[in-house]
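Me: I have this model open at the bench and would like a close look at a single part of it. Could you walk me through how helix packing and the nonpolar interior look there?

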Amino acid sequence: MTVRFRTFSLKISFSFFAVLCVMLLLREKQTALVCFFSAMLHELGHLTFLRFFGARVSALSFGAAGVVIERADAFLLPAAQEALCALGGVFVNALLCLLSLLFHTFLPEKTVWTLFLSNALLGALNLLPVYPLDLWRALHAVLEPRLSPERLAFVLKSVSLSFLAAFAVFCAAFQRYIGRNVSLLAVFGYLLIMNLKRRTMDV
């Protein structure tokens, strides 16, 4: 489904609703909605920084893999601004963690804990320099003006695969010593597929 405005398009695919339904079925409804709310505000953080620095957004696409922000500008912002835009979602997650602690007396304990934990985990995940997460994009923005295209590709690929391997070890240890977590495995599977696809495209 696509809704077109004057200079902006909103695209929502069936897969987006399918993932939302799966979340509601597999998790307690309140927990799923808080996680969904946190993820949407994460994306709002990216949009806020983009608009603050004057970048124009032509479309928002909601799909199974999340939200894709399409920009109308043919040019990139300065490196520091691009990096801040890439990390805008993490800043929002950090803010929500802080607010959940400050206003914990006004909210049910379970809601506060879910809000804090979902934003802490989402923010921490995006601070992994693994493609296509936020810190990887920030590194790309900062290093692109300083390195040749070949060197940039090598450095970013090496960093991404190294941290992905470390994340794989963490996931295995978590499953073995703490307990089975389907969401954690799904995140690792998504990152693995995205990096394999990128490697295939680069070859």
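**A close look, starting from Phe53**

Reply: Happy to start with Phe53: setting aside neighbours within four places in sequence, Phe53 is in contact with Leu77, Gln81, Leu84 and Cys85. Do keep in mind that this is a predicted model.

Phe53 also belongs to the largest nonpolar core, which has 11 residues. Leu77 and Cys85, two of the contacts just named, are members too, and the rest of the core is made up of Ile12, Leu47, Leu50, Ala55, Val57, Leu60, Phe62, Val67. Helix H2 (29-52) and strand S3 (57-63) each supply at least two residues of this core, and S3 gives the most, with 3 residues. As background, nonpolar side chains in soluble globular proteins tend to be buried together. Another core, of 10 residues, lies apart from this one, and includes Val130, Cys171, Leu184 and Phe188.

Now for the helix pair. H4 (residues 88-102) packs with H5 at an angle of about 155°, their axes being 8 Å apart. Angles over 145 degrees count as roughly antiparallel, so that is how H4 and H5 are described. Their crossing is left-handed. On the H4 side, the contact is made by Val90, Asn93, Leu96, Cys97, Ser100 and Leu101; H5 contributes Val112, Leu115, Phe116, Asn119, Ala120, Leu122 and Gly123.

H5 itself covers residues 109-125, and at 1.5 Å a residue its 17 residues should span 24 Å, which agrees with the 24 Å between its end C-alpha atoms. Its buried residues are Thr111, Val112, Thr114, Leu115, Ser118, Asn119, Gly123 and Leu125. Among them, Val112, Leu115, Asn119 and Gly123 also take part in the contact with H4.

Note on methods: Residues numbered from 1 in each chain as written. Predicted model: local features only at pLDDT ≥ 70, side-chain atom pairs only at ≥ 80, totals over all residues. Heavy atoms only, no water. Core = buried A, V, L, I, M, F, W, Y, C linked by side-chain atoms within 4.5 Å. Buried < 20%, exposed > 50% of the residue type's maximum accessible area, 1.4 Å probe, protein only. Helix = DSSP H or I, 4+ residues; strand = E, 2+ residues; numbered from the N terminus. Contact = heavy atoms within 4.5 Å. Expected span 1.5 Å × (residues − 1). Axes fitted to C-alpha atoms, helices over the stretch in contact; angles between N-to-C directions. Parallel < 35°, antiparallel > 145°, perpendicular 65-115°, else oblique. Left-handed = near helix turned anticlockwise from the far one by under 90°.
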